Structure formats: structure tokens, C-alpha cells
Amino acid sequence: MRRANNQDSMAVLMAGTLDRFYHHGHLFVVADGMGAHAAGELASRLAVEHIAMQYFRSAEEDCPEALRIAVRESNAEIHRRGQQNPEFYNMGTTASSLAILPVGAVVAHVGDSRVYRLRDRVLEQLTFDHSLVWEMEASGQIHPDSVLGQSIPKNVITRSLGPNANVEVDLEGPFEIHANDQFLLCSDGLSGQVEDEEIAAIMDCLPANLATRVLVDLANLRGGPDNSTVIIVRVEADFAEVSGKSTVAKRPRRRREPSAVSPLLMGTAAICFLGSLGLGLAMAVLNTPVSKALGPMIIAFILGMIASAFCVAQYIQSKPKCKAKPLPKTPGGKGPYRRYSANPSKELFDRLGKTVEELRSAASQRNWMMDWGKIDELQQKGSVAVAQAQFKTAIRLQAEAIIETMHQLRELNNRAANETDIER
């Protein structure tokens, strides 16, 4: 709401085939740039592009480590570009990357953008904010609820991609993946304006496409001082096998294509070995001197060995590359860091409604021409749902009221812009 350009960048890269999924999984990235002019915008774009490119090109068989390396190489590229051009000097960006792999969910993270996981109405923050306030809380210097803790600016970050030639990348996971899990990646434009409990309840009560829109609209209705980027990833029921209390997302058995190992090579190897064996048996039965058949036997055996070697090589190449190796614990490796309840409540319904009421008050004071009819209807239905203790329905209706309010505000801005153009 206050910036002329968008310094956030994002990437959603789904594996198009089962083979690609086993090699690299699905990749999601959010980056929030920093720097004067277009530097922040460039830094975040470079981060997203290079993380994806380096990760998918990597020959590293350990996918989590490949992701960490990709983020480090992205840092080197942003730093190099910043050193080359005075206008981009010291530019930087946050970067939070999530890879959904057969071995679980893995996060590579630098900065104060965030990755969350919602499961069974509990929202967990999987990343550590590399910010001054979080670092001071972690070191025990302040308490988050103290006056000093409240006075420290939340947007002062201690680690980012670009300013320095080298950077430490937090690697979190692999985390278990259950059916119906939801992961959320966001820039601090969202987390700075919307409370974690609100994020949790909205994710739990709404479908992903509607939840992302509500979250961004809510951040903007509360002032929108920064760009907001939100990605929600929902795990389908057939992705992970869930039984009893919980099941680790085991790597499913891969159905190999018929052409994974050439039938011709396998047949050649079998014929050569059987031919060599047959010659030996024939000599034994016919009492033939060994010297007469030794040459053909050796040739057949060598050909069989060569064909077998090619078969083994093809088999190895067709195996998935990702390995479920244990990850180093530092840096990172200690998530989740915080937990929040996603249970909807009347308090939450009222808190979301307060944002709409504040805008209504501002519109009345400034004589904004906005149509409140549909908004009033949605909120009235929500109040009825609250009275009936149907809190999930109430939150959904309040969310729709937020979307309609933001729609009315945009329409107002568009009308004002058109009137200005006419006057010119």
C-alpha cells in the first residue's frame, strides 16, 4: 500500500513427473529484497532464480545439502553483482526455500521471511528469524514480553544474502510429512501485520487459494507498509501414508519403467553366460579337449561381463538421487521454534472484524464512497454463526468480509485515479 515497486520475489516449481519428484522434489521459494532504487527488487529476483537453477542443476546426491549449496551460490552471485555496480552496492535479500522430498520437508533459510507448517490445528514456525529481536531473545538478553523487547524494531535483520561474500544458511529438517499438512512461506510484509494465531486459524478454516488472498488483504487493510508474499502448500491425502498416531513420509517404492535397463543388454548378457556354460557342458559330455572350446568360452564370458556392466550402470543411473542422510545440526536444525493454536474463536472473529470497523470509521471521517451492503451482510451472518458456536464458519464469513472490504477500497482508489486523469 505504500511502495511503488515490489521488492518481493517468489517461485513455485512443481515436479512435473514422478521421476523429477524423486530426483529433486517440489521447490518453493520466497525472497524479500533490500536496497535503494531497484537494488532490493534485483536481489530478490536473483535469489529466486539462482536458488532454483543451482538446485535443479546440482549433481549433489543429498538433496538437502544441494539446497543449502544452492542458497550459498545464490549469495555469491548477488554479492558479485552488488560489487560490480555502485547502484546495487550492498544490496541484499532474505530467502526461505522449502523442498518437498520423498524423505520429508526440508527448509533452507536466511533472513526473516518465514516457513510454517500447519498440522492438526497447530501452526509451527520451522524457521528462526535472523533479526535483532530474535537473536537477543535467543541469547537471553531480553524477554519478548518485556518493555525492552517490545521497543526493539522487528525489521532489523542480522543475516541476508548479498552484503557479504559468504553466508551461513540454516538447514531445517527433514520434517515428517503427513496427509493434509499445510506449509506456508511468507515475507515479513505478512508476518509484521498479521498475528501468528490469525495466520493459523485462517489457514485451517479456508481453502488455500482463499486463505492466501485473505492474508494479503488483511495485511494491506492494516496499513500494508511492506510488500506481502504468501505461498501455501497443501499435502494431498494420497501423498503420505498415515496410520495410527503418525507415519513418517517414507519414500514410496518407485515403479521402474520397462526401459530402465535395456532388455537387449540383459538378453545379450544372459545368452553369453549361458553360451559359455553350454560349451563347457558340451565338452564334458562329448569328452572334447578343453583347448578346442576354450577360446569361444572366454569370448562369450567376456561379452557377458561387458553386457552385465552396462546393465548395472543403467540400473544405478535410474535410481533416485535423493538420500535420507542425517542432516548436520548447525547452523539451524533446531526447528520448529514456536507453536500456535489454530482453533477459531469469538475473540479471533472480533479481532478480524475490528480491522474492517477501523476502515469503516476512516471511510466515514473522510467521506469515502464505499458500498457496505455486502460487507454488513457477511458480518451479520458471521455473528449468527458465532452465537451458534460455529466458529469455523464465522471465521470464513469474516474472511469474505475482509476480501470485500479490500475490493471496495481498490475500487475507491481506481475511481480516484480516473478522476485525477480526467482533471489533467
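A polar contact is a pair of N or O atoms within 3.5 Å, where, within protein, one atom must be able to donate a hydrogen and the other to accept it. The exercises below concern a predicted model.

**Exercise 1.** Determine whether Ser96 is buried or exposed, and find the residue whose side chain makes a polar contact with the side chain of Ser96.

*Solution.* Begin with the position in the fold: Ser96 belongs to strand β4, which spans residues 95–101. Next, take the relative accessibility, which is 0% for Ser96; since buried means under 20% relative accessible area, Ser96 counts as buried. Then turn to the side chain of Ser96, which makes a polar contact with the side chain of His109 at 2.9 Å. Finally, consider the surroundings of Ser96 with its neighbours within four places in sequence left aside: the residues in contact with it include Phe28, Val29 and Val30, as well as Ala108, His109 and Leu185.

**Exercise 2.** Establish how helices α2 and α3 are oriented to each other, and classify the residues of their contact.

*Solution.* Two packed helices are described by the angle between their axes and the distance between the axes. The axes of α2 (residues 39–57) and α3 (residues 63–84) come within 8 Å and cross at roughly 140°. Because only angles over 145 degrees count as roughly antiparallel, α2 is oblique to α3. The crossing of these two helices, α2 and α3, is right-handed. Among the residues that make the contact are Leu42, Leu46 and Ile51 of α2, together with Leu67, Val71 and Ile78 of α3. Sorted by class, the residues of the contact of α2 with α3 comprise twelve nonpolar, three polar and three charged.

**Exercise 3.** Carry out the corresponding analysis for helices α7 and α8.

*Solution.* The axes of α7 (residues 196–205) and α8 (residues 208–221) come within 9 Å, with a crossing angle of roughly 150°. The two helices, α7 and α8, are therefore roughly antiparallel to each other, and their crossing is right-handed. On the α7 side, Glu198, Ile199, Ile202 and Met203 take part, and they meet Ala211, Val214, Leu215 and Leu218 in α8. The residues of this contact of α7 with α8 divide into seven nonpolar, no polar and one charged.

**Exercise 4.** Locate Gln390 and describe its accessibility.

*Solution.* Gln390 lies in the loop that joins α12 (373–387) and α13 (391–423). With a relative accessible area of 39%, Gln390 is partly exposed. As a last step, compare sequence with space: Gln390 and Lys346 are 44 residues apart in sequence, and their C-alpha atoms are 9.5 Å apart.

Note on methods
Residues are numbered from 1 along each chain as its sequence is written. This is a predicted model: local features need pLDDT of at least 70, side-chain atom pairs count only at pLDDT 80 or more; totals for chains, interfaces and linings use all residues. Side-chain values use heavy atoms; hydrogens and water are left out. Axes are lines fitted to C-alpha atoms, for helices over the stretch in contact, and angles run from 0 to 180 degrees between N-to-C directions. Helices (H or I, at least four residues) and strands (E, at least two) are DSSP runs, numbered from the N terminus. Angles under 35 degrees count as roughly parallel, over 145 as roughly antiparallel, 65 to 115 as roughly perpendicular and the rest as oblique. A crossing is left-handed if the near helix is turned anticlockwise from the far one by less than a right angle, and right-handed if clockwise. Contact means heavy atoms within 4.5 Å. Ala, Val, Leu, Ile, Met, Phe, Trp, Tyr, Cys and Pro count as nonpolar, Asp, Glu, Lys and Arg as charged, and the others, Gly among them, as polar. Buried means under 20% relative accessible area, exposed over 50%, partly exposed in between (1.4 Å probe, protein chains only).
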